[in-house]
Each structure stands twice: as C-alpha cells, then as structure tokens.
Amino acid sequence: MTARRAFLLGLEVLVPIAVVALWAAWSASSTSFYFPPLSKILTTFKDTWLFDRVGSDVVPSLLRLLAGYALATAIAVPVGLALGLSPAARRASAPIVEFLRAIPPPALIPFGIVVMGVGNTMKVFIIVAVCVWPVLLNTVDGVRGVDAQLIETSRAYGIGMRDRLSSVILPAALPQIFAGMRTALSLAVILMVISEMVASTNGIGYFVLESQRTFAIPEMWSGIVLLGLLGYVLNLIFGVVEARVLRWHRGARSAAR
C-alpha cells in the first residue's frame, strides 16, 4: 500500500469517527425531547435492532429493495442495449421514455395501491419505477459510446451479432451501466422507505414513521441511523462487486496514465 492510499484510507476512517465524536460531545448535555443525546440513540439502536426487529422489519425491507432493484436492472439493461444499437428505436421511444421518466415515482403510489393493494407487489413496483431509468439511460449512453472501430473490426472478422454483443459492446458499455446501477441503488433505498411510510405494516420506513407518530423519538432516530448504515453497507458491497467486474477497466485506465 502506497503512502497516498494509506493517507486516504486513514481519512476515510478517521473523519467519520471525528464527526461521531463531535455529535456525541455536542449532544451529551442535550435536554431537547426531539434531539436526544447520541448515547441514548445508540442504546436504543442496540435494544431495537440488535437483533429484535431484524426479522420483522429489516429483512422485509431488504427483500423489497433487492427485488425491485434486480427487476429494474433486468429490464433496463436489455432494453437499453436495444435502444443504444438502434437509432430508429431510440428516436421512436424517446418521447415515451422522457414522459415516463418525468413522473415522480411517489406520485405512482396511489395508483399502485388501487391496482396492486398495499402488499409487497406495490412496493417493488415503485422501486422498479424509479430504478429503471438511471440504468436504462446509462446503458443507452454506454452502447452509443462504444468505439465504432471496435464494432467495425469485429464485423470485419465475421463475428456474429450475439458474440459481438457479449464480447465487444457489453463489456465496453459496462462502466457506464455500473454508473447507472450505482445511482439506482441509492434511489432504491429512498423509494423503499417512502413506499413503507405510505402503506405498510412492517419495514424500516414504517417503523420510523410509527415512532414519530407515537413520539418515540430515540426509536425514530435509531431507524434513521440504521437507514444510513444500510445505504453505506450496500454502496460498499456494490463497490466491491464493481471493482471485481471492472478490474480490466481500472487496469486499462491505470496503464493509460
């Protein structure tokens, strides 16, 4: 490990610790009902989430999030590849895509409740409705950005469309696709919480809203802290997967420098 990487890693670890320490010191003497001391929030977090409500709230939330995110990716990548490869299809679908993308997904919750009820199907649908667009648009841009010489060379060597797609176009577009998937992951967490706050009987979003309604403020803060930790861990896992899948891309960029 180089000195620079060690320095950056130290910053990544020490700065959050310093922020938490400042928060603890600032709130230690707090008597506000709405801003309890950090020590009380952490104690409530331990009593609530380790591991009392994991099965009843955390697991259902994660299953909805992962189902919606996976389904959105499974839809967006093939459609994005098709639109990126066909200028005619891209122009024909552009008005529809821009219209649907402009609809705020929370506005679809009433429609989802009427058509699908308040179960998991509605929540997964809302997550899909927001996650599909960043992945779709980045896939289209990634395919359009593939070096034309690569495609022409593969065509000149008689490589079939299927192999050309899997061995040339898709790998070249993957960095852009992963950028869209990273954006979609954070949006999935947001819409998971919103859908659970509007219509649910379990989940982290439901717990946070119910805690607010019953004035259980330390419990509410513990749920907010859990959501922040959840987003951080999911992004960390995504970064590890991305680094493995795009190892060749990072190596190529390093070599170019």
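**Stop 1: helices H4 and H6**

Select helix H4 (residues 87–102) and helix H6 (residues 120–144) in this predicted model. Their axes come within 12 Å and cross at roughly 150°. Angles over 145 degrees count as roughly antiparallel, and H4 and H6 are therefore roughly antiparallel to each other. Turn the view until one helix lies in front of the other, and you can follow H4 as it passes H6 in a left-handed crossing.

Now show side chains at this crossing. From H4, pick Arg90, Val97, Leu100 and Arg101. From H6, pick Trp133, Leu136, Leu137, Val140 and Arg144. Colour them by class and you will find 6 nonpolar residues, 3 charged ones and no polar ones in the contact of H4 with H6.

**Stop 2: helices H3 and H6**

Keep H6 on screen, hide H4, and bring in helix H3, which covers 54–85. What do you see where H3 passes H6, a left-handed or a right-handed crossing? The crossing of H3 with H6 is right-handed. The axes of H3 and H6 come within 6 Å and cross at roughly 35°. The residues of this contact divide into 21 nonpolar, 5 polar and 3 charged.

While you are here, select Thr139, which is found in helix H6. Is Thr139 buried or exposed? Thr139 counts as buried because its relative accessibility is 0%. Show what surrounds Thr139: leaving aside neighbours within four places in sequence, Thr139 is in contact with Ala76, Val77, Gly80, Leu81 and Ile177.

**Stop 3: the largest nonpolar core**

Next, look inside. In soluble globular proteins, nonpolar side chains tend to be buried together. Here the largest nonpolar core has 52 residues. To find your way into this core, select Leu65, Tyr69, Cys131, Leu136, Met192 and Ile204, the residues with the most contacts inside it. You have already met Leu136 at the contact of H4 with H6.

Which elements give two or more residues to this core? They are helix H2 (38–49), H3, H6, helix H8 (161–198), helix H9 (204–213) and helix H10 (217–245).

Centre the view on Met192. Leaving aside neighbours within four places in sequence, Met192 is in contact with Ser61, Leu65, Ile127, Leu227 and Leu230.

**Stop 4: helix H9 and its surroundings**

Move on to H9 and select Ile204, Gly205, Phe207, Val208, Leu209 and Ser211, which are buried. Switch the other helices back on: what covers the buried residues of H9 includes H2, H3, H8 and H10.

Take a closer look at Leu209 in helix H9. At 17% relative accessibility, Leu209 counts as buried, since the cut-off for buried is under 20%. If you draw a distance from the C-alpha of Leu209 to the C-alpha of Gly223, you get 9.3 Å for two residues 14 apart in sequence.

**Stop 5: three places in the loops**

Just after H9 comes Phe215, in the loop between H9 and H10. Its phi is near 60°, a positive value in a residue other than glycine. Is Phe215 buried or exposed? Phe215 counts as exposed, because its relative accessibility is 53%.

Now jump to Phe51, in the loop between H2 and H3. Look at the backbone here: the peptide bond from Leu50 to Phe51 is cis, with omega near 0°.

The third place is Asp147, in the loop between H6 and helix H7 (148–156). Asp147 has 40% relative accessibility and therefore counts as partly exposed. Select Ala172 as well: the C-alpha atoms of Asp147 and Ala172 are separated by 8.3 Å, while the two residues are 25 apart along the chain.

**Last stop: the whole chain**

Zoom out and show everything as a cartoon. How many helices and strands does the protein have? The secondary structure comes to 11 helices and 0 strands. Along the principal axes, the C-alpha atoms fill a box of roughly 75 × 60 × 30 Å. If you colour by accessibility, buried residues make up 36% of the 257 residues. Finally, consider contacts between residues at least 6 apart in sequence: 73% of them join residues at least 24 apart.

Technical notes
Residues numbered from 1 in each chain as written. Predicted model: local features only at pLDDT ≥ 70, side-chain atom pairs only at ≥ 80, totals over all residues. Heavy atoms only, no water. Axes fitted to C-alpha atoms, helices over the stretch in contact; angles between N-to-C directions. Helix = DSSP H or I, 4+ residues; strand = E, 2+ residues; numbered from the N terminus. Parallel < 35°, antiparallel > 145°, perpendicular 65-115°, else oblique. Left-handed = near helix turned anticlockwise from the far one by under 90°. Contact = heavy atoms within 4.5 Å. Nonpolar A, V, L, I, M, F, W, Y, C, P; charged D, E, K, R; others polar. Core = buried A, V, L, I, M, F, W, Y, C linked by side-chain atoms within 4.5 Å. Buried < 20%, exposed > 50% of the residue type's maximum accessible area, 1.4 Å probe, protein only.
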